[in-house]
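Trainee: Got a minute to go through this one with me? I'd like to talk pockets and cores.
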Amino acid sequence: MKEDIDTLKNDWLTDNHYTATPKRTFVRRADSVYRYLEREYLNQYKNAHIVLLRPSMSFMLMQTPDPHTLKEALPNFSRTTHIFLPINDCRNPSIAEGGSHWSLLLVSVVDGVAFHYDSLNPANRNEAGLAARKIGQLLGRQLQFIDLADSPQQENSSDCGVFVCIQMRHLLLRKLLMAHAKEKVSMSMGGKSVDATQGRKEMLRIIEGFRKEGERRRS
């Protein structure tokens, strides 16, 4: 936890200097963000059937030839309307902490469309397309893949994890959970600015909150 806080103050998730750890550090930090969104928001919307697929499971899904073999480990998608998947560019399944870039895939099950948000477009286009095909196999339908060229772009080599978390939160809280049942919601992030510095502060606050909660439970 202290390592996460220390590195988050300066580098974020995919800094090329952390050649052995970018995937591992993102998995830990993203798990805190996912738990926060689920506990603070999704739990309040009992009729929202939205799945935040963990980074490790997304990676396993991409590396497994037959995704149906993972069905018991995956959530039940029978009533799911949307699935969020973080996408990593590691292509070697034997390197658990490999990869240097993250992007976000949002599958709208109800529309049969997979939207890809890449802050270094088109860096992860092939990986995201693969993940969309795997999810489509699990759903028993072919998904239309849309690589959103208007996704906000990072200005350095270390902010992709911030972009994934901020965009996921925005799409979840400002679009999906706020939409009326029959309302058509645009999934574009065009024109949306991403404040990476503020994003780091927010992630620090979330991680620190879980740290303090853990201390209270142990005391």
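Mentor: Sure. One convention before we start: Asp, Glu, Lys and Arg count as charged, Ala, Val, Leu, Ile, Met, Phe, Trp, Tyr, Cys and Pro as nonpolar, and the others, Gly among them, as polar. Also keep in mind that this is a predicted model.

Trainee: OK, so how do the lining residues of the second largest pocket divide up?
Mentor: You get 5 charged, 4 polar and 2 nonpolar. The lining includes R169, R174, K192, D195 and E202, along with I166 and L173.

Trainee: And how much space is in there?
Mentor: About 190 Å³ for that second largest pocket.

Trainee: Which helix gives the most to its lining?
Mentor: That's α5, with 5 residues. Both α5 (160–176) and α6 (196–218) supply at least two residues each.

Trainee: Switching to cores. Which residues touch the most other members in the largest nonpolar one?
Mentor: F84 and Y117, out of 30 residues in that core. At least two residues each come from α2 (22–40), β1 (50–52), β3 (102–108), β4 (113–117), α5 and α6. The largest share is from α5, at 8 residues.

Trainee: Is there another core apart from that one, and how many residues does it have?
Mentor: There is, with 21 residues, including L70, L74, A114 and L143.

Trainee: Back to Y117. What does it touch, leaving out residues up to four places away in sequence?
Mentor: Y117 touches S103, L104, L106, L148, S151, Q167, L171, M187 and M189.

Terms used:
Residues are numbered from 1 along each chain as its sequence is written. This is a predicted model: local features need pLDDT of at least 70, side-chain atom pairs count only at pLDDT 80 or more; totals for chains, interfaces and linings use all residues. Side-chain values use heavy atoms; hydrogens and water are left out. On a 1 Å grid over the protein atoms alone, a cavity is a set of points where a 1.4 Å probe fits but cannot get out, and a pocket is an open set with protein on both sides within 12 Å along at least five of seven lines; lining residues have an atom within 4 Å of a point. Grid points are joined across faces, edges and corners, and a volume is the space filled by probe spheres set on the points. Helices (H or I, at least four residues) and strands (E, at least two) are DSSP runs, numbered from the N terminus. A nonpolar core is a set of buried Ala, Val, Leu, Ile, Met, Phe, Trp, Tyr and Cys residues joined through side-chain atoms within 4.5 Å. Buried means under 20% relative accessible area, exposed over 50%, partly exposed in between (1.4 Å probe, protein chains only). Contact means heavy atoms within 4.5 Å.
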